[in-house]
Amino acid sequence: MRTLNVELAERTYPIRIGAGLVSDPALILPYLKARRVAVVTNDVVGPLYLDAFVAGLRAQGLQVTTIVLPDGEAHKDWPTLNLIFDGLLAARCDRSTTLIALGGGVVGDMVGFAAATYQRGVPFIQVPTTLLSQVDSSVGGKTAINHPLGKNMIGAFYQPRLVLADTTVLDTLPDRELKAGLAEVIKYGLIRDLPFLDWIETHLDQLLARDPETLAEAVERSCRNKAEVVAADETEQGERATLNLGHTFGHAIETGLGYGQWLHGEAVAAGTIMAADLSRSLGWLTDDEVARVRLIHERAGLPVRGPALGADRYLELMSHDKKVSDGTLRLVLLKGVGRAVISAEATPDQMRESIEACCANPG
């Protein structure tokens, strides 16, 4: 088992990475406030892991409430969030109850938001079951639900007590979900860790083949990068925003198409190509560097062209982005491969040109 910490003073917590961790409830016990937990999952992950996971917890003498949500980004909303509150209230869960998110990024985000707000705050633990959630969304305390006008617009910063990343569960992950997770792995190399990007390029075939040791290394190195950024800028006042490379364009894709049509990682991949193209327009990337960004996403089986929403629609959706400040949209761009910056230098016309160059033709 590999362990690293997200260093946040008295709120520091560990990320544990390894095979078979879901089958070892003793790993969770030291992080509980009391001997009562509520496990929240969805109707895809639940049939695979919920019964065994709950049985292990109960064998440790814990009182367990279970809540099963509908699966998918389309359900990352108020009505589904209320299902969590309904279950907690019906079971008379109090402030000492620890919520456990057993699922991917949608489950983790919603359980974290529920934990931040239920009775003004209860502890929670992340048990991510997708590659994307293991390398990104389970770490750092960003919790949220979507709004029809924008993704992740309603939420809170609220840190878990533990992240338990079991690489064994990735064996049941559909290929499309695995590839979507690789978009976030690649991101870390592009924004701040060039040696990691080199490593990903060398080991991409093993990652796609789900080699256990290679996946564990990718999860650890991704989490280490994110933990360093979060420790330096927990509430995204500066450096942490660089973790959103491709996300402003990508969130526009997800919102514009309707949540769930494209997976988050797929939208981020296409958005990263747009960001790279725009960086080239500003003179910050060479043609060869843009080609490198495109090629690694193509090799990972990710989309490198966005859907034909129209540039004006993209810009409208992007205007709702959380990185808009005083009416100015700031984008995460690249000043060289391995170095992300937050910039407001791109003009609307330059953004429009990159969107049109990197999107599918209408019809």
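Reader: Let's start with the first helix pair: how are α2 and α3 set to each other?
Author: The axes of helix α2 (residues 78–90) and helix α3 (residues 105–117) come within 10 Å and cross at roughly 60 degrees. Axes here are lines fitted to C-alpha atoms, for helices over the stretch in contact, with angles running from 0 to 180 degrees between N-to-C directions. Angles under 35 degrees count as roughly parallel, over 145 as roughly antiparallel, 65 to 115 as roughly perpendicular and the rest as oblique. So α2 and α3 are oblique.

Reader: Before we go on, what kind of model is this?
Author: Residues are numbered from 1 along each chain as its sequence is written, and side-chain values use heavy atoms, with hydrogens and water left out. Local features need pLDDT of at least 70, side-chain atom pairs count only at pLDDT 80 or more, and totals for chains, interfaces and linings use all residues, this being a predicted model.

Reader: Back to the pair: how many nonpolar, polar and charged residues does the contact of α2 with α3 have?
Author: On the α2 side, W78, T80, L81, I84 and F85 meet M110, V111, F113, A114 and T117 of α3, where contact means heavy atoms within 4.5 Å. Ala, Val, Leu, Ile, Met, Phe, Trp, Tyr, Cys and Pro count as nonpolar, Asp, Glu, Lys and Arg as charged, and the others, Gly among them, as polar. Sorted that way, the residues come to 8 nonpolar, 2 polar and no charged.

Reader: And how is the crossing of α5 and α7, left-handed or right-handed?
Author: α5 and α7 pack at an angle of about 50 degrees with their axes 9 Å apart, and that makes α5 oblique to α7. A crossing is left-handed if the near helix is turned anticlockwise from the far one by less than a right angle, and right-handed if clockwise. For α5 and α7, the crossing is left-handed.

Reader: Which residues of α5 and α7 make that contact?
Author: The residues divide into 5 nonpolar, 2 polar and 1 charged. They are L178, V185 and Y188 of α5, plus L215, A218, S222, N225 and K226 of α7.

Reader: At what angle do the axes of α9 and α12 cross?
Author: M274, D277, L278 and S281 of α9 touch Q350, M351, S354, I355 and A357 of α12, a mix of 5 nonpolar, 3 polar and 1 charged residues. The two helices are oblique to each other, and their crossing is right-handed. Helix α9 (residues 264–281) and helix α12 (residues 348–357) have axes that come within 9 Å and cross at roughly 130 degrees.

Reader: On to cysteines: how many disulfides does the count come to?
Author: A disulfide is a covalent bond between the sulfur atoms of two cysteines; the rule used here asks for a pair of cysteine sulfur atoms within 2.5 Å. C358 is in no disulfide, since the nearest cysteine sulfur, that of C359, is 6.9 Å away. The count comes to 0 disulfides.

Reader: C358, buried or exposed?
Author: Buried means under 20% relative accessible area, exposed over 50%, and partly exposed in between (1.4 Å probe, protein chains only). C93, at 3%, counts as buried. C358 has 1% relative accessibility, so C358 is buried.

Reader: Which residues does S133 touch, leaving out those up to four places away in sequence?
Author: S133 is found in helix α4 (residues 131–137) and is buried, with a relative accessible area of 1%. Its C-alpha is 5.4 Å from that of G104, although S133 and G104 are 29 residues apart in sequence. The residues that S133 touches are G103, G104, G105, P128 and S138.

Reader: What is the relative accessible area of T167?
Author: T167 lies in the loop between β9 (163–166) and α5 (175–191). Beyond four places in sequence, T167 is in contact with I17, G18, A19, Q134 and A216. T167 is buried, and its relative accessible area is 10%.

Reader: Last one: what is the positive phi of Q119?
Author: Most residues other than glycine have a negative phi. Q119 is found in the loop between α3 and β6 (124–128) and is partly exposed, at 33% relative accessible area. E236, in the loop between α7 (212–232) and α8 (247–257), has a positive phi near 60 degrees. For Q119, not a glycine, phi is about 50 degrees.

Key: Helix = DSSP H or I, 4+ residues; strand = E, 2+ residues; numbered from the N terminus.
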